[in-house]
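The report below follows the charged and polar side chains of one protein chain, and the strands and helices that carry them. Please keep the sequence and the structure at hand while reading.

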Amino acid sequence: PQPVKQKAAQLESDVGDYSFDRAVICDQARTVDLLLANNFHFENNCAILTLDGYPSHAFKTVKAMLQRNPRLRVWVLHDCTPAGCQVAYTLKNDPDWFPQGVQIIDVGLRPQHAPPLKKLWEPSTPPVKGGPGLTSSELSWLGKYQLALAAIRPEQVIKRLFRSMSSV
């Protein structure tokens, strides 16, 4: 039999030969950690990454796997911030991410979702400039406030994401 270390190295070298048909891209590492800690990736057979390269040990390999899959569907889970609300737009339009035609589904928080959570709104910190993927009413709200996905109970975040993935 092969030693355990040799088997592990062989498995790691083969991982790039596989892919996922689904991925969740987040704007925050803490959101990735929430999903990973709850085994969302195992239960839903999907990759989970941030737009900016987290988790760093697997990011390049997993991103390359996703880019090779023409049947890929991507869910975007983000905070209600200017940067968060622009993640889906970036994934749709940045050729460094996915080819045209990959289905991108935004399930993150946007200003229209904020009213029931009014007590949890935080003041917007940096000045908000116009940006692609944001409407004028979203820009107006984001110029005054922001809302972290962490304002919602973790089980509700997971349920919402699961429902969206199950309905497609």
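Leaving aside its neighbours within four places in sequence, His 78 is in contact with Asp 27, Gly 84, Cys 85, Asp 106, Gly 108, Leu 109, Arg 110 and Leu 149. The model is a predicted one, and the distances given here are computed from its atoms.

**His 78 and its surroundings**

His 78 sits in the loop that runs between strand E3 (73–77) and helix H5 (82–85). Is this residue buried or exposed? With a relative accessibility of 0%, His 78 counts as buried, because the cut-off for that class is under 20%. Two of the contacts of its side chain can be described in more detail: the His 78 side chain reaches the backbone oxygen of Gly 84 at 3.2 Å, and it also makes a polar contact, at 2.8 Å, with the side chain of Asp 106.

**The strands around E3**

Strand E3 is mostly covered, since 4 of its 5 residues are buried. Strand E1 (residues 22–26) runs parallel to E3 and is joined to it by 5 bridges, with Arg 22 standing opposite Arg 73 of E3. E3 also pairs with E4, again in the parallel sense, over 4 bridges, and here Val 74 has Ile 104 in E4 as its bridge partner.

**Salt bridges**

How many salt bridges does the model contain? The count comes to 5, and the table lists three pairs, including the two that share Arg 110.

| Pair | Closest N to O distance |
|---|---|
| Asp 106 and Arg 110 | 2.9 Å |
| Glu 138 and Arg 110 | 2.7 Å |
| Arg 153 and Glu 155 | 3.5 Å |

Asp 106, Arg 110 and Glu 138 are linked in a network of salt bridges. Within this network, Asp 106 is partly exposed, with a relative accessibility of 29%, whereas Arg 110 is buried at 11%. Glu 138 lies in helix H7 (residues 136–142) and Arg 110 in the loop between strand E4 (103–106) and strand E5 (122–123), so their salt bridge ties together parts that are 28 residues apart in sequence. Glu 138 is buried as well, with a relative accessible area of 6%, and thus both partners of this salt bridge are buried.

Which residues does Glu 138 touch, leaving aside its neighbours within four places in sequence? On that basis, Glu 138 is in contact with Arg 110, Pro 111, Gln 112 and Gly 133.

The pair formed by Arg 153 and Glu 155 can be described in terms of accessibility too: Arg 153 counts as exposed at 53% relative accessibility, while Glu 155, at 41%, counts as partly exposed.

**How the parts meet**

Asp 106 takes part in both of the arrangements described above, since its side chain makes the polar contact with His 78 and Asp 106 also forms a salt bridge with Arg 110. Arg 110, for its part, is listed among the contacts of His 78 and meets the side chain of Glu 138 in a salt bridge.

How values were computed. Residues numbered from 1 in each chain as written. Predicted model: local features only at pLDDT ≥ 70, side-chain atom pairs only at ≥ 80, totals over all residues. Heavy atoms only, no water. Salt bridge = Lys/Arg side-chain N within 4 Å of Asp/Glu carboxyl O. Buried < 20%, exposed > 50% of the residue type's maximum accessible area, 1.4 Å probe, protein only. Helix = DSSP H or I, 4+ residues; strand = E, 2+ residues; numbered from the N terminus. Polar contact = N/O pair within 3.5 Å; in protein donor to acceptor, adjacent residues only side chain to side chain. Contact = heavy atoms within 4.5 Å. Pairing = 2+ DSSP bridges.
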